[in-house]
Amino acid sequence: MAKRIDVKDLDIYYGKFHAVDSVTLSVPPRNVTAFIGPSGCGKSTVLRTLNRMHEVIPGARVDGQVLLDGEDIYASSVDPVQVRRTIGMVFQRPNPFPTMSIRDNVVAGLRLAGTKNKKKLDEIAERALRGANLWNEVKDRLGKPGGSLSGGQQQRLCIARAIAVRPDVLLMDEPCSALDPISTLAIEDLIAELKKDYTIVIVTHNMQQAARVSDQTAFFNLAGVGQPGRLVEINDTEKIFSNPNEKATEDYISGRFG
Ligand SMILES: Nc1ncnc2c1ncn2[C@@H]1O[C@H](COP(=O)(O)OP(=O)(O)OP(=O)(O)O)[C@@H](O)[C@H]1O
Ligand SMILES: [Mg+2]
């Protein structure tokens, strides 16, 4: 549970396109790190390299290292499927299996991994749904389809699905962008809870959200069209939002950007 991430000199490519230039950063365990920056600067790309989702894109590759508690997740001995289980991901649009039951959505990954015992799966489903702060709303309708939930509930269902396999890290790419303000606050409260057990990296376009939920903030930027995105600075969220080291960061967070 809750492992440390160290990214070292990471260069990321889509074919010949150099998308992200030389990122070095660390995320301590039980910490929430927010990635902010303008559209196209590489936030999602960097996030996907943290659990090897990047390499499923044809032609995509990385140079450099991503260490999970000191172990290189790109080492040749490492199974990428196992990496994606250990480092879970929640996407921008809630993506439950719409016709599958709520309960089965949560335990889908475990069943794939071979767990068959019904009682055990029920226990795990309950624990994950409690962890995702959804249990009270769904405990009487676990057999109903995942698609019958509201958007905010579906996003919490996806978080339950991600934590059911007990990952070490949770990656979230704009998890609230499709949600209303109340569901957004529910997810933010949940992130504060989950931080006790997980290392969390969240991409957000919402500055207030970054300020509310994260311990440290990484600002990414683009030097120009066709140029690779780069990490401008990473620091304590309080410092980034009150007195950043770089002028570009200040311009971006104060809305004087572009
Ligand atoms: N599958 C892909 N194939 C080729 N290029 C890609 C692919 N995905 C992203 N890119 C390019 O990589 C760069 C970084 O994109 P990325 O999606 O990481 O940006 P982002 O910071 O997440 O932007 P946004 O805030 O709009 O989500 C962009 O120039 C984008 O066009
Ligand atoms: Mg993105």
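Ligand 1 has 15 residues around it, and Ser 39, Lys 43, Ser 44, Thr 45 and His 205 come nearest. Keep in mind as you read that this is a predicted model. Beyond the ligand site, there is a largest pocket with about 570 Å³ of space, a second largest pocket with about 210 Å³, and a helix, H3, that is largely enclosed by the rest of the structure.

**Ligand 1**

- Thr 45, one of the residues that come nearest to ligand 1, has a side-chain N or O atom 2.5 Å from an oxygen atom of the ligand.
- Gly 40 takes part through its backbone, with a polar atom 2.8 Å from an oxygen atom of ligand 1.
- Cys 41 also uses its backbone: one of its N or O atoms there lies 3.3 Å from a ligand oxygen atom.

**The largest pocket**

- About 570 Å³ of space lies here, and of the 19 lining residues, Arg 84, Met 89, Gly 109, Arg 161 and Ala 162 are the closest to the centre.
- Helix H2 (80-86), strand S6 (87-90), helix H3 (102-112) and helix H6 (151-164) each contribute at least two residues to the lining.
- Strand S6 gives the most, with four residues.
- By residue class, the lining divides into 12 nonpolar, four polar and three charged.

**The second largest pocket**

- The space here comes to about 210 Å³, and the lining residues include Met 1, Ile 124, Arg 127, Ile 163, Arg 166, Glu 193, Asp 197 and Tyr 198.
- Helix H4 (118-131), H6 and helix H7 (181-194) are the elements that give two or more residues to this lining.
- H4 gives the most, again with four residues.
- The lining is made up of seven nonpolar residues, one polar and four charged.
- Helix H6 is worth a look in both places, as it supplies at least two residues to the largest pocket and two or more to the second largest.

**Helix H3**

- Why is H3 described as largely enclosed by the rest of the structure? Eight of its 11 residues are buried, so the rest of the structure largely encloses the helix.
- The buried residues are Ile 102, Arg 103, Asp 104, Asn 105, Val 106, Val 107, Ala 108 and Leu 110.
- These buried residues pack against H4, helix H5 (135-138) and H6.
- H3 also supplies at least two residues of the lining of the largest pocket, where Gly 109 is among the residues closest to the centre.
- After H3 comes Gly 114, which has a positive phi, near 110°.

How values were computed: Residues are numbered from 1 along each chain as its sequence is written. Chains are lettered from A and ligands numbered from 1 in the order in which they are written. This is a predicted model: local features need pLDDT of at least 70, side-chain atom pairs count only at pLDDT 80 or more; totals for chains, interfaces and linings use all residues. Side-chain values use heavy atoms; hydrogens and water are left out. On a 1 Å grid over the protein atoms alone, a cavity is a set of points where a 1.4 Å probe fits but cannot get out, and a pocket is an open set with protein on both sides within 12 Å along at least five of seven lines; lining residues have an atom within 4 Å of a point. Grid points are joined across faces, edges and corners, and a volume is the space filled by probe spheres set on the points. Ala, Val, Leu, Ile, Met, Phe, Trp, Tyr, Cys and Pro count as nonpolar, Asp, Glu, Lys and Arg as charged, and the others, Gly among them, as polar. Buried means under 20% relative accessible area, exposed over 50%, partly exposed in between (1.4 Å probe, protein chains only). Contact means heavy atoms within 4.5 Å. A residue is near a molecule or strand if one of its heavy atoms lies within 4 Å of it. A polar contact is a pair of N or O atoms within 3.5 Å; within protein, one must be able to donate a hydrogen and the other to accept it, and residues adjacent in sequence count only if both atoms are side-chain atoms.
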